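Student: I'd like to go through this model and check why each label is earned. Could you take me through the reasoning?

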Amino acid sequence: GPGHESVDEAGYVWIVIDRPNPYTGASTWRVQKHRFLWEQKHGPVPEGHVLKCLDGDRSNTDPSNWEAIPMALIPRLAGKSGRDYDHAPAELKPVIMTVAKLEHRARKSRRKR
């Protein structure tokens, strides 16, 4: 029932809320807790954006631990880029995020010219 929490294989916390599921019509809806709490504080996640866990601990669902970033930033933060944001030391995380955002902005402004 409402309030029930569970954690998936990826470490995301899910919570059952007392709201009809718009997809199934069920009386309750299972949602990602971090997203639910973030949207309570900031409104809907902007189109083309995803919520990124800032400290690497997906069970930390506090809205301050999540940031709405453009989907295009995700590959720049991934292990394939050599950055591996999720496993970087805490003190490097803000640096990696800033560099990824700068690269993303530079690429967008080059495309506009």
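Student: How do you know that the side chains of E103 and R83 meet in a salt bridge?

Tutor: Happy to go through that one; keep in mind that this is a predicted model. The N to O distance between E103 and R83 is 2.7 Å. A salt bridge needs a Lys or Arg nitrogen within 4 Å of an Asp or Glu carboxyl oxygen, so this pair counts as one.

Student: Where in the chain do E103 and R83 lie?

Tutor: E103 is in helix 3, whereas R83 sits in the loop between helix 2 and helix 3. The two are 20 residues apart, and the pair links distant parts of the chain.

Student: What makes E103 and R76 a salt bridge?

Tutor: Their N to O distance is 3.2 Å, and the cut-off is within 4 Å, so the name applies. R76 lies in helix 2 and E103 in helix 3, so this pair ties together parts 27 residues apart in sequence.

Student: Is R76 called buried or exposed, and why?

Tutor: R76 has 18% relative accessibility. Buried means under 20%, so R76 counts as buried.

Student: And why is E103 called partly exposed?

Tutor: E103 has a relative accessible area of 30%. Partly exposed covers what lies between under 20% and over 50%, so E103 belongs there. R83, at 24%, is partly exposed too.

Student: How do you know that R58 forms a salt bridge with D86?

Tutor: The closest N and O atoms of R58 and D86 are 3.7 Å apart. That value is within 4 Å, so the pair qualifies. R58 is in the loop between strand 4 and strand 5, and D86 is in the loop between helix 2 and helix 3. R58 and D86 also belong to a network of salt bridges with K52. Over the whole structure, the search finds 7 salt bridges.

Student: Why do R58 and D86 count as partly exposed?

Tutor: R58 has 25% relative accessibility and D86 has 27%. Neither value is under 20% or over 50%, so both residues are partly exposed.

Student: Which residues make the nonpolar surface patch?

Tutor: L92, V95 and V99 make the patch, which is about 220 Å².

Student: What makes L92 accessible enough for such a patch?

Tutor: L92 has a relative accessible area of 40%. Patch residues need over 30%, so L92 passes that cut-off. L92 is found in the loop between helix 2 and helix 3.

Conventions: Residues numbered from 1 in each chain as written. Predicted model: local features only at pLDDT ≥ 70, side-chain atom pairs only at ≥ 80, totals over all residues. Heavy atoms only, no water. Patch = residues over 30% accessible without salt bridge, like charges linked within 9 Å, V, L, I, M, F, W, Y side chains within 5 Å. Areas by Shrake-Rupley, 256 points an atom, 1.4 Å probe, with all protein chains shown as cover. Helix = DSSP H or I, 4+ residues; strand = E, 2+ residues; numbered from the N terminus. Buried < 20%, exposed > 50% of the residue type's maximum accessible area, 1.4 Å probe, protein only.
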